[in-house]
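Here is a friendly walk through one protein chain, written for someone who would rather be at the bench. Keep the structure open beside the text as you read.

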Amino acid sequence: MNVRMTWLPSGVVTRTRAQTTVLVAARQGRIVIPSRCAGKASCLLCLVDACTPETLTDPTPAEHRLLGDAVLAQGRRLACQARVIADTTIALRPSRLHETIARLLQRRSDVHDD
Ligand code: FES
């Protein structure tokens, strides 16, 4: 069964097979989710926000250990652990690089406004 994945903030829609991890589905759809541990649940770089958590498999023991119940309750998941079971929406978190660039551009804009 194929499922539809909507990626925020871009709104790009991709498709993948049910039971695919969010990380693999992202790669299939050319969506960039950082990863340094090759999906072994140790780098935490693949953290995403599940907008519809019920459309993903339950958190794995590794996610419970690494993220804790409070973070999981906010809908945050490790893309390398969470598997898609129905049409879903995933919000990507801004990378530190993107945040740094946005901050520099804002600073530059502030200087030109003065
Ligand atoms: S890819 Fe490293 S924790 Fe998910």
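Let us begin with two strands, β1 and β5, which pair in the parallel sense over 4 bridges. Strands count as paired if DSSP finds at least two bridges between them. Within this pair, W7 stands opposite I90 in β5, and T6 has T89 of β5 as its bridge partner. Please bear in mind that this is a predicted model: local features need pLDDT of at least 70, side-chain atom pairs count only at pLDDT 80 or more, and totals for chains, interfaces and linings use all residues. Residues are numbered from 1 along each chain as its sequence is written.

**The sheet**

β1 also pairs with β2, here in the antiparallel sense and over 6 bridges. T6 stands opposite V13 in β2. On the other side of the story, β3 and β5 run antiparallel and are joined by 3 bridges, with A50 and I90 of β5 as bridge partners. Strands of a sheet pair through backbone hydrogen bonds, either parallel or antiparallel.

How are the strands ordered in the open sheet? The 5 strands follow the order β2-β1-β5-β3-β4, with mixed pairing. β2 (12–17) and β4 (76–78) stand at the edges with a single partner strand each, so one side of each is left without a neighbour in the sheet. Direction ignored, neighbouring strands of this sheet are turned by 40° against each other on average. The axes behind that angle are lines fitted to C-alpha atoms, for helices over the stretch in contact, and angles run from 0 to 180 degrees between N-to-C directions.

**The chain as a whole**

The chain has 3 helices and 5 strands, and from the N terminus on they run β-β-α-β-α-β-β-α. These elements are DSSP runs numbered from the N terminus: helices are H or I with at least four residues, strands are E with at least two. The C-alpha atoms fill a box of roughly 55 × 30 × 25 Å, taken along the principal axes.

Of the 114 residues, 24% count as buried. A residue is buried if 20 or more other C-beta atoms lie within 10 Å of its own, exposed if 12 or fewer, and partly exposed in between, with C-beta atoms placed from the backbone. Among contacts between residues at least 6 apart in sequence, 62% join residues at least 24 apart; a contact here means C-beta atoms, placed from the backbone, within 7 Å.

**The core**

Which residues have the most contacts inside the largest nonpolar core? They are V22, L23, I33, C46, V48, A79 and I90, in a core of 18 residues. The elements that give two or more residues to this core are β1 (2–8), α1 (22–28), β3 (47–50) and β5 (88–92), and α1 gives the most, with 4 residues. Such a core is a set of buried Ala, Val, Leu, Ile, Met, Phe, Trp, Tyr and Cys residues joined through C-beta atoms within 7 Å.

I33 is a good residue to click on: leaving aside residues up to four places away in sequence, I33 touches L23, A26, C46, V48, A79 and L92. β5 shows two faces, a covered one with T88, I90 and L92 and an uncovered one with T89 and A91.

**A bent helix**

Helix α2 (residues 61–73) has 13 residues, yet its end C-alpha atoms are only 15 Å apart, short of the 18 Å that a straight helix would reach. That expected span is 1.5 Å times one less than the number of residues. α2 bends by about 95° at L67, the bend being the angle between axes fitted to the seven residues ending there and the seven starting there. V71 lies in α2 and counts as partly exposed, with 15 C-beta neighbours inside 10 Å.

**Backbone details**

Most residues other than glycine have a negative phi, and most peptide bonds are trans. These residues have a positive phi:

| Residue | Phi |
|---|---|
| G11 | near 85° |
| A38 | about 60° |
| L44 | near 65° |
| G75 | near 90° |

G11 belongs to the hairpin of β1 and β2, which has 3 residues between the strands, while G75 follows α2. A38 lies in the loop between α1 and β3 and is exposed, with 9 other C-beta atoms within 10 Å. L44 is placed in the loop between α1 and β3 and is partly exposed, with 14 C-beta neighbours inside 10 Å. Finally, the peptide bond from L8 to P9 is cis, with omega near 10°; P9 lies in the loop between β1 and β2.

Conventions
Two residues are in contact if their C-beta atoms, placed from the backbone, lie within 7 Å.
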